[in-house]
Protein chains: 2
Amino acid sequence: MDSKEFRQRGREMVDYIADYFENIEQRRVFPDVQPGYLKELVPSEPPQCPDSWDNIMKDIDKAILPGVTHWQHPHFHAFYPWTQSYPSILADFLVDALSSAGFSWASCPASTELEIAVMDWLANMLGLPEKFHHCRGAGGGVTQNSAGECLIVSMLAARHNALKHLSSIYPNEDAAVLLSKLVIYHSKLAHSCVEKAGMVLLIKTKGLDFDDKHSLRGHTLETAIEDDERKGLYPFFVLATLGTTPVGSFDNIQEIGEVCNRRRIWLHVDAAYAGSSFICPEMRTQMNGIKNVNSLNINLHKWMLMNSESSAIWIDDKKVLIETMAIEPLYLQHHLSENFLSSKKNWSISLCRKFRSLKIWAVIRSYGISGLQRHIRNHCKLAKYFESLMLSDSRFQVIGTVNLGLVCFKLKNNHLTEKLLSTLNSSGKMYLVPAAVNEDFIIRYVICYEKMNERLIEESWNIIRNLASEILNQNYEEK
Amino acid sequence: MDSKEFRQRGREMVDYIADYFENIEQRRVFPDVQPGYLKELVPSEPPQCPDSWDNIMKDIDKAILPGVTHWQHPHFHAFYPWTQSYPSILADFLVDALSSAGFSWASCPASTELEIAVMDWLANMLGLPEKFHHCRGAGGGVTQNSAGECLIVSMLAARHNALKHLSSIYPNEDAAVLLSKLVIYHSKLAHSCVEKAGMVLLIKTKGLDFDDKHSLRGHTLETAIEDDERKGLYPFFVLATLGTTPVGSFDNIQEIGEVCNRRRIWLHVDAAYAGSSFICPEMRTQMNGIKNVNSLNINLHKWMLMNSESSAIWIDDKKVLIETMAIEPLYLQHHLSENFLSSKKNWSISLCRKFRSLKIWAVIRSYGISGLQRHIRNHCKLAKYFESLMLSDSRFQVIGTVNLGLVCFKLKNNHLTEKLLSTLNSSGKMYLVPAAVNEDFIIRYVICYEKMNERLIEESWNIIRNLASEILNQNYEEK
């Protein structure tokens, strides 16, 4: 494809995308395909000769789109949002054209410097303590590919400190032997990525009980720590969650932070979804105690209208991270980058990285803080509206507190709730996923669509209510 | 920005990108900025109110583009290529619009299924053994964010096997204690990501000497293994490189594979750059011995005209990897995905992933195997042409064998070579990076530009030759 054809195909793709969004409501949210559907549609042998763009687009229509789960559909209520917006995708389009591997200042100065600038913008917008601002403290923010990667990176920094300390006590022991003493704590409602991180780094992880508000409390943590210390283990890292995946609850980081602070334990906060809401000052009571936190991550692509992969992590001590992962072969050095700007590659596991900050910058510029706040507040308000509709019907039970864009609910028993969920999903009108909280099987209703409104909420409610009536009647008749 | 404005802004961006490529030769390849340049151009406070797209584009022109290192410039000869192509960026544009988090079959069936299909296409195109094809063997391919991530993933799979074996001998030892026995080998010319992976996973890594063709040989490896076994260590993983970063050399995987095979040591091959060349059958002699390899990675975004992040890894035993990283909380399960399709999230460290396969598919379709072969062969032929020009001038010494799109060279001493490099780079006409091989400081001339031709090669050669004359004359006068 030459430039001339690109000008034409690019225009067509712009229209294809705009048409997609304008007509998305007419699609099934979850595709009507079975596993293996694509085998019939994609030849098993790769093509020897070039094909036309027209044919490729025909196959996108015939083979690809019918197999897409439409995360941008108004009735996609599963997982958490995975956002985009026009300014974000336009910026990313340009990033793909520039195609630079921004692992160091020299490899793309604009990418490194803009990332530092927007991480400080975000720290400011979110009301984070000064220690997390590049321009003010010893810490700062950087993007990663995922929340899981953010968690591993913070665990690596904490592990670095812990092993340094243990090596001073056991100077002849191998680092890997000392590793066997380390232990991490998290709520049983924390995201599964903490268990995966533990498997990857061979560090013990312990899931702790939460209180009746689904919150991990300081005393629970302290008891677990004391138990493990008696067994000769070395507690060095706590993961607290603001906005858990199963039920959107908030661990008590005020209490947890005090426990960690007294014992010099690294406290990391996973605020993957809820974190974006802190751009609204009225939401910040949920992060009381943030001053005792060593690191926190927010998936900007979850609620801030930026495309993935925009996982942001802030850490209060840049030096630790750089000590943990710094590698400087000659081919990566540059005489103009002897300050911290050079070390972005040492802030993450992967060396190379896309120019991720351009879309972050474009979205903040295009929406302004006010526009992003309006977006968050709209989702929170509509979740309360959905909750109020549900509370008006005694057959439903709302689980947890509705603070964000998430409403968790169940029918009177797990069996009927499971049946409701599978019926809802197989209707193709809506897509939701369940969670397990204590003994309850619950359905999570998450507001993901940027332009969500009261009409669509009422539509959701009517679909759910009517299907519940059918299921409950059927259940009554069967008895 | 609403759909109507997007249709306009999208068209403008398409033209902006086409103009960028049509006029890229007129730009400095390395930007004329100093560290910190962006501070003056981006306000320290984030904007409260929305701004117009016009203003954002004005700032892209004023603040961003002047700070970009142009990896797509004809005279970008640093690192290795970081490619794009029109079909790739168009497919990625659509991916950003669909914005799905393809961590499981249900989260986006098309993303999971197309990834499996194109990984098999590529295995076919590259002539990989049957064991690496999803449709034929126990193994298969998957994409990751980076070569470093591919390496860690293969190390995790190998570690899983090694610890299982050691646990059967030392049933009461903690996994982390057993970890201290593990050791990894690689050539001293291997990419620095192996040292970083060792730091991340707390596994000892040992750089081994290479022969006079810059190749790691079987007997060198075997001697190192025997030494370490005598010390009570457990060799479990070897990284061999096809196309090293410093000099483009090939480790002898035939010999290394035999050593590993006899001792049941996991052999991983990093073919990040050179791997794409195996789509040309005449290049495959460089991968003789591939049948004894357990896993290999290729950065498709390095030489196959696909955008990052398209790091592909093939592994001969899927089950090991899944056992290593499988986590199945309720909210990630789906009744329709009980086969291996469900487990893509367990193939990588991060849970979520972009729909990376769409651009891979679009590029293979659009170029065909024949078009991609033509691209690789053009770069290889032009590198030989550049080498022939250089060999005609006795002041230059070519280092290593020119097999790919890389020519390494030096002047008669390190000091003059360093001076030549810094003068070339500060001229803004060309960008190259050095490498250290034995005691030599060498300059790497890499062909990155898709449309490279003889005229541009001659232009490169004339710039280099003329600057060398100036430096050598000046040096003569100084004496």
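1. A residue counts as buried when its relative accessible area is under 20%. In this predicted model, A:Phe386 falls in that class because its relative accessible area is 0%, and A:Trp461 likewise counts as buried, at 4% relative accessibility.

2. The structure holds 45 aromatic pairs over all chains. One of them is formed by A:Phe386 and A:Trp461, whose rings meet edge-to-face at 6.4 Å centre to centre with 90° between the planes. This pair links distant parts of chain A, since A:Phe386 belongs to helix H12 (residues 357-391) and A:Trp461 to helix H14 (residues 454-478), 75 residues apart.

3. In chain B, B:Phe21 and B:Tyr86 also form an edge-to-face pair, with 5.6 Å centre to centre and 90° between the planes. B:Phe21 lies in helix H1 (residues 3-22) and B:Tyr86 in helix H3 (residues 86-98) of chain B, so the pair ties together parts that are 65 residues apart in sequence. Both B:Phe21 and B:Tyr86 are buried, and both belong to one aromatic cluster whose members come from chains A and B, including A:Phe21, A:Tyr86, A:Phe93 and B:Phe93.

4. As for the relation between the copies, chain B is superposed on chain A by a rotation of 180° with 0.0 Å of shift along its axis, at an RMSD of 0.0 Å. The two copies are thus related as by a two-fold rotation axis, and in chain B the C-alpha nearest that axis is that of B:Val177, 2.2 Å from it. Because 100% of the interface residues of chain B are also interface residues in chain A, the copies meet through the same surface.

5. A charge-over-ring arrangement appears in chain A, where the charged end of A:Arg444 sits over the ring of A:Tyr80, 4.8 Å from its centre; in chain B, the charged end of B:Arg444 sits over the ring of B:Tyr80, 4.8 Å from its centre.

Note on methods
Residues are numbered from 1 along each chain as its sequence is written. Chains are lettered from A and ligands numbered from 1 in the order in which they are written. This is a predicted model: local features need pLDDT of at least 70, side-chain atom pairs count only at pLDDT 80 or more; totals for chains, interfaces and linings use all residues. Side-chain values use heavy atoms; hydrogens and water are left out. Copies are superposed by least squares on the C-alpha atoms of residues with pLDDT of at least 70 in both. Contact means heavy atoms within 4.5 Å. Rings of Phe, Tyr and Trp (its six-membered ring) pair if their centres lie within 6.5 Å; planes under 30 degrees apart count as stacked, over 60 as edge-to-face and the rest as tilted. Helices (H or I, at least four residues) and strands (E, at least two) are DSSP runs, numbered from the N terminus. Buried means under 20% relative accessible area, exposed over 50%, partly exposed in between (1.4 Å probe, protein chains only). A charge sits over a ring if NZ of Lys or CZ of Arg is within 6 Å of the ring centre and within 35 degrees of the ring normal.
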